[in-house]
Amino acid sequence: MTREKDDKLAAINVGRPSITVRHAGLERVGNGRFKSLCPSCGKGVLPVRRDPATLELLAEDSCLLCSQRFSYSDLGGPSSKGHAPPRRS
Ligand SMILES: [Zn+2]
């Protein structure tokens, strides 16, 4: 039964600590401006999440394919919950 393969891939990174990466350094995929290629599995997509209230890009993300979690060093930040400093240029 080779159908289990997908499940294993999806579960392989569950529970692992997140990897800190720079969102700006990732490869964009699709026609979205923020979707990135997962540097862990090389196939999955990191969709990037937004805070539903502030629409601020969140630092925490995870791959849709391998479930590896990522933390963007150049998005969101530790202050993403609470007072987010306005940081645009
Ligand atoms: Zn992945």
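Biologist: Along strand S5, which residues point to one face and are buried?

Modeller: This is a predicted model, by the way. The side chains of S5, residues 69-72, alternate between two faces. Arg-69 and Ser-71 point to one side and are not buried. Pointing to the other face, and buried, are Phe-70 and Tyr-72.

Biologist: Okay, and in what order do the strands of the open sheet come?

Modeller: Start with the pairings. S1, residues 19-21, runs parallel to S5, with 3 bridges between them, while S4, residues 60-62, pairs with S5 in the antiparallel sense, also over 3 bridges. That gives an open sheet of 3 strands with mixed pairing, and the order is S1-S5-S4.

Biologist: Which strands stand at the edges there, and why is one side of each left without a neighbour?

Modeller: Each edge strand has a single partner strand, so one of its sides has no neighbour in the sheet. From one strand to the next, the twist averages 35 degrees. The strands at the edges are S1 and S4.

Biologist: Let's get down to residues: which one in S5 is the bridge partner of Ser-62?

Modeller: Look at S5 from both sides. On the S1 side, Thr-20 stands opposite Ser-71. For Ser-62, the bridge partner in S5 is Arg-69.

Biologist: Which residue takes a positive phi in the hairpin of S4 and S5?

Modeller: That hairpin has 6 residues between its strands. Most residues other than glycine have a negative phi. Here, a positive phi near 70 degrees is taken by Ser-67.

Biologist: Now the loop between S3 and S4: is Val-48 buried or exposed?

Modeller: Val-48 sits in that loop, and its phi is positive, near 65 degrees, though the residue is not a glycine. For burial, the cut-off is 20 or more C-beta atoms within 10 Å. Val-48 has 21 such neighbours, so it counts as buried.

Biologist: And Leu-55, buried or exposed?

Modeller: Leu-55 is found in the loop between S3 and S4, and has a positive phi of about 60 degrees without being a glycine. A residue is exposed with 12 or fewer C-beta atoms inside 10 Å. Leu-55 has 7 C-beta neighbours in that range, so it counts as exposed.

Biologist: What about Arg-49: which residues is it in contact with, leaving aside neighbours within four places in sequence?

Modeller: Arg-49 lies in the loop between S3, residues 45-46, and S4. It counts as partly exposed because it has 16 C-beta neighbours inside 10 Å. Its C-alpha atom is 9.6 Å from that of Lys-35, 14 residues away along the chain. Beyond the sequence neighbours, the contacts of Arg-49 are Leu-58 and Asp-61.

Biologist: Zooming out, what pattern does the protein follow along the sequence?

Modeller: There is 1 helix and there are 5 strands. Read along the sequence, they follow the pattern α-β-β-β-β-β.

Biologist: Last one: of the contacts with a separation of 6 or more, what percentage is between residues 24 or more positions apart?

Modeller: For the whole protein, 21% of the 89 residues count as buried. As for contacts with a separation of 6 or more, the share from residues 24 or more positions apart is 41%.

Conventions
Residues are numbered from 1 along each chain as its sequence is written. This is a predicted model: local features need pLDDT of at least 70, side-chain atom pairs count only at pLDDT 80 or more; totals for chains, interfaces and linings use all residues. Helices (H or I, at least four residues) and strands (E, at least two) are DSSP runs, numbered from the N terminus. Two strands pair if DSSP finds at least two bridges between them. Two residues are in contact if their C-beta atoms, placed from the backbone, lie within 7 Å. Axes are lines fitted to C-alpha atoms, for helices over the stretch in contact, and angles run from 0 to 180 degrees between N-to-C directions.
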